[in-house]
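Please open the structure in the viewer and keep the selection tool at hand. The tour proceeds from one selection to the next.

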Amino acid sequence: MVEAPAEGRPGFCDADAVGDQELANSTWGYSYGFFQIRSLRAHKGTGQYRDEDRLRNPDFACRSALHIFQNAGGGTFNDWTTYRTGQYKAYLQDEFPPDPGTYVVVSGDTLTKIGLKVGVEWQEIARLNNLHHPYTINIGQVLRLPDGAGLPPEPVQYTVAAGDTLWAIGKRFGIPWEHIARANGIVGPYVIHPGDVLDIPGTQGDPAPEPEPEPEPEPVEINLSNLTFNARNDDVALLQQALTDAGHDPGPVDGWYYNMTRAAIRAFEEAEGLIADGLADRAVCERLGFAVTGEDPPVPPPSSGAVSADSIRAAATGGTRISGTYSHSSMANPVSVYRKGDAVYFHAGMTIDCDGRPGSICNSTTDPWFQPQTAWQQSDGRHLDAADLPFIVIPLASSTWDYRQHGIGGGDLCVVAYRDRFLYAVVGDLGPTYRIGEASNACARALGINGDPRVGGTGSGVTYVVFPGVKVRPIESKAEASRLGAQKLTEWLGIGTSPAPSFEGEVLRLTNVERQAGGLRPLSADTRLDRAAEKHSARMSDGLGLVHSDLAAALRAEGVSFRSAAENIAVGYRTPQAVVAAWMNSPGHRDNIMSPGLTHLGVGHVQASDGQHWWTQMFASMA
């Protein structure tokens with residue numbers, strides 16, 4: 001049993017007090033950047049420690065532990081468990097209140113809520129406390145506050161009455177209604193109900209008894225034209241804040257529409273039953289409660305290298321005709337079906353199919369001709385969801401054409417191209433015998449075509465390519481359709497026919513996917529840059545380590561004449577996907593990949609004898 005030192009004994013919390021060092025060290029320790037109050041070594045010989053709370057201030061940690069020590073059983077440390085839960089935390093708060101100019105994090109706090117409570121921007125609190133994305137804070141953590149910040153008043157709660165609106169409640173307490181919405185996690189359309197209990201941030205006292213009747217708050221306006229990938233503007237910041245309030249993390253609210261924002265949009269779309277394409281379109285913004293202006297942003301084509309909508313259209317020519325002519329009055333132009341190689345293709349318009357499993361987008365209300373079934377079903381037996389799955393509709397067998405005679409069936413891989421976009425889809429339904437050129441609502445929307453089954457679609461300009469017998473399994477897997485589609489399409493186009501592309505070639509392809517998603521031109525391969533990059537990866541693997549090359553000298557040694565150049569290096573990542581993702585998540589490396597002034601890329605990859613992977617990207621703009 002260890003005797004407690006007397007209250008206020010000099011040196012107990014002083015690291016220079018040699019005689020008390022063992023006692024002090026057994027009371028608190030340092031781990032992962034936080035001082036942790038620990039129990040004393042158990043006197044029964046177990047030798048175990050218990051972590052109790054994390055605090056940034058070592059003096060506070062030590063004094064707290066000492067105080068507990070002295071009040072745990074008459075000057076001896078017999079009953080640690082008495083102070084393990086709420087009694088312990090309350091004891092510390094009573095005996096050691098936070099210093100002025102600080103704030104102690106409580107349950108449910110976020111930096112945004114704390115900023116609202118103390119009247120400063122949350123970014124200032126993050127900067128002052130050296131907090132970075134994902135801005136994690138812990139209960140009990142002591143945060144420094146900027147000069148001029150007001151300490152939070154006693155919390156005020158308000159019970160919603162009949163006829164109340166957020167605007168009226170904000171008016172009553174003299175604060176913006178948006179602050180109340182954020183403090184209570186309320187997002188568009190900002191609905192509250194009688195009996196709801198709301199926290200009123202940054203206020204104290206009772207509200208005025210007679211609020212003035214006011215109209216509902218007008219929704220915030222957002223311009224879709226500003227919500228393009230890689231854009232930086234205030235509308236993107238509004239979108240990011242709305243996603244944050246809806247529980248989907250877009251990263252810092254900095255007005256930059258990049259990978260984390262796109263991932264947050266995709267998560268929101270999945271939660272709302274929308275097409276999870278990561279695009280900030282009209283449906284997303286309206287669900288977030290915005291008043292929407294402008295046009296939907298363009299959908300970046302999932303293309304790279306020589307694969308494009310133009311190359312698909314160019315390849316879909318010169319085939320052998322295998323059908324009669326579809327020339328119904330509902331079609332803008334006569335259409336026939338052709339076979340070329342192992343694919344079947346035709347050029348037509350697109351009418352919209354909303355049949356299948358009903359939902360908020362496709363149902364008997366939105367589609368007068370709605371049928372709750374499709375010719376083929378998902379792996380779980382349910383009918384396809386036309387609002388989620390891109391699929392095409394093949395005409396029922398007739399004297400004009402019998403799809404069965406050409407090996408086509410449900411789940412067969414398709415590629416659909418329109419203007420500058422293309423996507424991978426499946427054969428999912430059967431339609432009238434007299435018409436060809438029909439696809440699901442999801443397929444139309446992804447291509448930028450109006451997906452309304454009543455007034456949407458397009459009369460011409462759509463190219464359909466079907467690979468008979470090439471099955472997407474399960475039929476509802478968009479990821480499998482994309483994987484299989486990329487392989488079959490490049491084979492059919494006569495490019496990238498290697499079943500196992502090189503690591504270097506895959507890095508180039510993935511880099512161009514990111515550039516085209518950001519509206520930039522793809523980079524061209526260059527064998528001289530490849531040689532320079534390969535040599536540098538070899539030097540790094542041979543003992544140089546992760547060090548940048550003398551880039552100008554390396555390029556000139558290969559005869560490269562350039563105006564500007566840049567380099568990315570990495571080690572340890574096992575696949576092209578992993579290393580490109582890592583570069584894209586690093587601001588400096590990402591800037592090189594997304595630089596509009598660079599035109600060519602060389603890639604070097606070496607796997608050393610110890611199994612480590614060494615990577616080099618060398619970019620250049622040729623003179």
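Which residue in β12 is the bridge partner of K340? It is A343. Before this pair is examined further, some conventions are needed. The model is predicted, so local features are reported only at pLDDT of at least 70 and side-chain atom pairs only at pLDDT 80 or more, while totals for chains, interfaces and linings use all residues. Residues are numbered from 1 along each chain as its sequence is written, and side-chain values use heavy atoms, with hydrogens and water left out.

**First stop: the whole chain**

Display the entire protein chain and colour it by pLDDT, the predictor's confidence in each residue, from 0 to 100. The average is 76, and 75% of the residues score at least 70. Two segments have pLDDT under 50: residues 298-305, with 21 contacts beyond four places in sequence, and residues 496-500, with 3 such contacts. A contact here means heavy atoms within 4.5 Å.

Switch to the cartoon view to see 18 helices and 21 strands. These are DSSP runs numbered from the N terminus: helices are H or I runs of at least four residues, and strands are E runs of at least two. Of the 623 residues, 46% are buried; buried means under 20% relative accessible area, exposed over 50%, and partly exposed in between, with a 1.4 Å probe and protein chains only.

**Second stop: strand β12 and its partners**

Select residues 343-353, which form strand β12; 9 of its 11 residues are buried. Add strand β11, residues 338-340, which pairs with β12 in the antiparallel sense over 3 bridges. Two strands count as paired if DSSP finds at least two bridges between them. The K340 and A343 pair belongs here, and 2 residues lie between the two strands of this hairpin. In the turn, G341 has a positive phi of about 65°.

Next, select residues 458-471, strand β17, which runs antiparallel to β12 and is joined to it by 6 bridges. Within this pairing, V465 of β17 is the bridge partner of Y345. Then select residues 438-440, strand β16, whose pairing with β12 is parallel, over 3 bridges. Here D353 has S440 of β16 as its bridge partner.

**Third stop: the cysteines**

Show C354 and C362 as sticks. Their sulfur atoms are 2.0 Å apart and form a disulfide, defined as a pair of cysteine sulfur atoms within 2.5 Å. The structure holds 1 disulfide. The link is left-handed, with -60° about the S-S bond. C354 is buried, at 1% relative accessibility, and C362 is likewise buried at 1%.

Why is C414 not bonded to C443? The closest cysteine sulfur to that of C414 is in C443, at 8.6 Å, which is too far for a bond. C443 is in no disulfide. C414 is buried with a relative accessible area of 0%, and C443 is buried at 0% relative accessibility.

**Fourth stop: helix α4**

Finally, select residues 111-118. This is helix α4, and because 6 of its 8 residues are buried, it is largely enclosed by the rest of the structure. The buried residues are L111, T112, I114, G115, L116 and V118. To see what covers them, add elements including β4 (102-104), α5 (122-128), β5 (142-144) and α7 (177-183). The tour ends at G119, which follows α4 and has a positive phi near 80°.
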